[in-house]
Amino acid sequence: HEILGGILFCNRSERIVQSYGPYVFHAGDQKRTGEALLDGCLARIARSKALGLLSLSGLPPLLEGHFEPLGSLSLRIPGAAPTERRFFFRHLHEDPGCEVWSQVELTAWLRGQYDRLVLAREIRTVRAMGETQSGSSLLAAEILRERSETVLRPLLPGADLAANVEAHVSFLKEDGIANLLFELDLGIPWHGALIPVLFANHFEPRIILPFAGQADLIIFQHNDATEF
């Protein structure tokens, strides 16, 4: 027997499955083999609670037509040419819709993305109601040295949130990290309050990952040249 290819998949959230591949190991009919692997994956997850399938590591060009493109990131590695990382999504069931939290600065971009992807969303605007934050904020940093990449995620709000984001950006740039990403969960209201902080620190919205968190996740990428 000969192994012709493979596909890996796992639950990213209760409602989303993430796949890697398909990978084809022979030079024959790669499209047919890739489609067979994808069909096998879909058959395994079709009866689950999953609403969609995410591919965050790229797809063989022959299979891109089976998915909706979510967008791409331009990633830099010192000493090498920039590479494009493309993200894809496939609906598995009818979109049930959900509520997301944002700021007015991002509403037009979000509506454009949701219309393009045919996702029903009620966009709620986060507004300051005079409440005060206390204590220190907390961010998680997932550092991938081999890709010169860091993904920042908010864990706790606090009075110093803006200063904390600025300090992380400064430290990571000084440490030589070329690719700074920031991930927000639009299902968590206080995450939406971070949007103007990210804009002020030269992050721009790039990718929506449907249902990948409590609601959709949005990936921002740092760009020194970004102006808002």
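**Note on a predicted two-sheet model**

1. In the hairpin formed by β8 and β9, 4 residues lie between the strands, and Ser-148 has a positive phi near 50°. The model is a predicted one. Strands β8 (residues 138-144) and β9 (residues 149-156) are antiparallel and joined by 7 bridges. Within this pairing, Glu-142 is placed opposite Val-151 of β9.

2. This hairpin belongs to an open sheet of 5 strands, ordered β8-β9-β10-β12-β11, in which the pairing is mixed. The edge positions are taken by β8 and β11; each has a single partner strand, so one side of each has no neighbour in the sheet. From one strand to the next, the twist averages 25°.

3. Further into that order, β10 pairs with strand β12 (residues 217-222) in the antiparallel sense, over 5 bridges. Phe-182 has Phe-220 as its bridge partner in β12. Two helices pack on this sheet. Helix α2 touches β11 and β12, and its direction makes about 30° with that of β11. Helix α3 (residues 161-174) touches β8, β9, β10, β11 and β12, and its direction makes about 20° with that of β8.

4. Aromatic pairs deserve a separate point. The count comes to 2. One of them, Phe-182 with Phe-203, is edge-to-face, with 5.9 Å from centre to centre and 80° between the planes. Phe-182 is in strand β10 (residues 179-185) and Phe-203 in strand β11 (residues 203-209), so the pair ties together parts of the chain that are 21 residues apart in sequence. Phe-182 and Phe-203 are both buried.

5. Another open sheet is also built from 5 strands, in the order β1-β2-β3-β5-β4, again with mixed pairing. Here β1 (5-11) and β4 (68-75) are at the edges with a single partner strand each, so one side of each is left without a neighbour in the sheet. Neighbouring strands of this sheet are turned by 25° against each other on average, with direction ignored.

6. Inside the sheet just described, strand β3 (residues 52-55) and strand β5 (residues 83-91) are paired antiparallel over 4 bridges. Leu-54 has Phe-89 of β5 as its bridge partner. Helix α2 (residues 104-117) packs on this sheet too, touching β4 and β5, and its direction makes about 130° with that of β4. Helix α2 therefore appears in the description of both sheets, with contacts to β4 and β5 and to β11 and β12, where contact means heavy atoms within 4.5 Å.

7. Ile-45 is a residue of helix α1 (residues 30-45). Its relative accessibility is 6%, so Ile-45 counts as buried, the cut-off being under 20%. Apart from neighbours within four places in sequence, Ile-45 is in contact with Phe-9, Val-17, Leu-53 and Leu-92. Between the C-alpha atoms of Ile-45 and Ser-102, which are 57 residues apart along the chain, the separation is 31 Å.

8. Some values describe the whole chain. The protein chain has 5 helices and 12 strands. Its radius of gyration is 19 Å, which agrees with a value near 17 Å for a compact globule of 228 residues. The C-alpha atoms fill a box of roughly 65 × 45 × 30 Å along the principal axes.

9. Of the 228 residues, 44% are buried. About 12000 Å² of the protein chain is exposed, and carbon and sulfur atoms supply 53% of that area. Among contacts between residues at least 6 apart in sequence, 64% join residues at least 24 apart.

Conventions
Residues are numbered from 1 along each chain as its sequence is written. This is a predicted model: local features need pLDDT of at least 70, side-chain atom pairs count only at pLDDT 80 or more; totals for chains, interfaces and linings use all residues. Side-chain values use heavy atoms; hydrogens and water are left out. Two strands pair if DSSP finds at least two bridges between them. Axes are lines fitted to C-alpha atoms, for helices over the stretch in contact, and angles run from 0 to 180 degrees between N-to-C directions. The radius of gyration is taken over C-alpha atoms; the globule rule is 2.2 Å times the number of residues to the power 0.38. Buried means under 20% relative accessible area, exposed over 50%, partly exposed in between (1.4 Å probe, protein chains only). Accessible areas come from the Shrake-Rupley method with a 1.4 Å probe; for residues, only the protein chains shown count as cover. Rings of Phe, Tyr and Trp (its six-membered ring) pair if their centres lie within 6.5 Å; planes under 30 degrees apart count as stacked, over 60 as edge-to-face and the rest as tilted.
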